Amino acid sequence: MILRLEKVTEQHAQIIYPYISDPQMYKYIEEPIPTLREVQHNFRFAALEKSPDNETMTWLKWVAVTTHNQYVGMVEIGIFDDLYAEIGLMTFAPFQKQGYAPLYCSLAIAQTQKRFPLSSLHALINEYNLASCKVVEKLGFKLKKVNKNAEFFQGQLADELIYCLNF
């Protein structure tokens, strides 16, 4: 399986909005489904590698694309001034459980390592999001810490799992 990453631009918003507005994609995310206008706004910032809500963070964001030009997911890495970094991923519903996520995440990690001298990368995952846990574990992340009752999930408190990949 061959994938490539495309740096997110505002134009990607219209193309992938049907995927990222799918309610299935928010099963483990505490945020409401964004509007197309909100996605365009965020992608405009991402294209500049800036966060719309944290001016000290470098925000790297890509869409993952197959050789047949099919968009299958997104990955982002936020890098803060002290070189603390977090990864987030979203595999679009029709492409889940097909092995795409570890591939596109590893591409994003490699591109980030070429540009930034990171000593580690973190992933913060809801305890019920077993698929994301499997992805980061496949990439070599280790469970570092559990924040008990840190998230509100489907009407109840849930743990936040903090994974770490050391370089």
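Setting aside neighbours within four places in sequence, Tyr128 is in contact with Tyr28, Phe153, Gln156 and Ala158. This tyrosine belongs to the loop between β5 (120-126) and α4, and with a relative accessible area of 33% it is partly exposed. Asp159 stands 31 residues away from Tyr128 along the chain, and yet the C-alpha atoms of Tyr128 and Asp159 are separated by 8.4 Å. The model in which these positions are found is a predicted one, and it is worth stepping back from this one loop to see the whole chain before returning to single residues.

The protein has four helices and seven strands, and someone who follows the sequence from its start meets them in the pattern β-α-α-β-β-β-α-β-α-β-β. The radius of gyration is 15 Å, which is close to the 15 Å that the globule rule gives for 167 residues, and the protein is therefore as compact as a globular protein of that length. Taken along the principal axes, the box filled by the C-alpha atoms is roughly 40 × 40 × 35 Å. Of the 167 residues, 45% are buried. If one considers the contacts between residues at least 6 apart in sequence, 57% of them join residues at least 24 apart, and the contacts of single residues described below can be read with that figure in mind.

The packing of two helices offers a good place to look more closely. In general, a pair of packed helices is described by the angle between their axes and by the distance between those axes. Here helix α1 (residues 10-20) packs against helix α2 (residues 36-47) at an angle of about 135°, and the two axes are 9 Å apart. Because angles from 65 to 115 degrees count as roughly perpendicular and those over 145 as roughly antiparallel, this angle makes α1 oblique to α2. The crossing in which α1 passes α2 is right-handed. On the side of α1, the residues that take part are Glu10, His12, Ala13, Gln14, Ile16, Tyr17 and Ile20, and they meet Leu36, Val39, Gln40, Phe43 and Arg44 of α2. Sorted by character, the residues of this contact comprise seven nonpolar, three polar and two charged ones.

Beyond the end of α2 the chain enters the loop between α2 and β2 (58-66), and Glu49 is found there. What is unusual about the backbone at such a place can be understood from a general tendency: most residues other than glycine have a negative phi. Glu49, which is not a glycine, has a positive phi of about 60°, and with a relative accessible area of 17% this residue is buried. Leu83 also has a positive phi, near 65°, in a residue other than glycine. Its loop is the one between β3 (71-79) and β4 (85-91), and at 30% relative accessibility Leu83 counts as partly exposed.

Glu49 appears again when one turns to helix α3 (residues 100-115), where Arg115 is found. Not counting residues up to four places away in sequence, Arg115 touches Glu49 and Leu60, and its own relative accessible area of 47% makes Arg115 partly exposed. Lys145 lies 30 residues from Arg115 along the chain, and the C-alpha atoms of these two are separated by 27 Å.

Strand β2 holds Thr66, which at 9% relative accessibility counts as buried. Which residues does Thr66 contact, leaving aside its neighbours within four places in sequence? They are Ile2, Leu3, Arg4, Val72 and Tyr100. Gly155, by contrast with this buried threonine, is exposed, with a relative accessible area of 58%, and its position is in the loop between β6 (142-153) and β7 (156-166). Gly155 and Thr66 are 89 residues apart in sequence, and from C-alpha to C-alpha they are 37 Å apart in space.

A last residue to locate is Glu137, which lies in helix α4 (residues 130-138) and is partly exposed, with a relative accessible area of 44%. Between the C-alpha atoms of Glu137 and Thr112, which are 25 residues apart along the chain, there is a separation of 19 Å.

Definitions and conventions:
Residues numbered from 1 in each chain as written. Predicted model: local features only at pLDDT ≥ 70, side-chain atom pairs only at ≥ 80, totals over all residues. Heavy atoms only, no water. Axes fitted to C-alpha atoms, helices over the stretch in contact; angles between N-to-C directions. Helix = DSSP H or I, 4+ residues; strand = E, 2+ residues; numbered from the N terminus. Parallel < 35°, antiparallel > 145°, perpendicular 65-115°, else oblique. Left-handed = near helix turned anticlockwise from the far one by under 90°. Contact = heavy atoms within 4.5 Å. Nonpolar A, V, L, I, M, F, W, Y, C, P; charged D, E, K, R; others polar. Rg over C-alpha atoms; globule rule 2.2 N^0.38 Å. Buried < 20%, exposed > 50% of the residue type's maximum accessible area, 1.4 Å probe, protein only.
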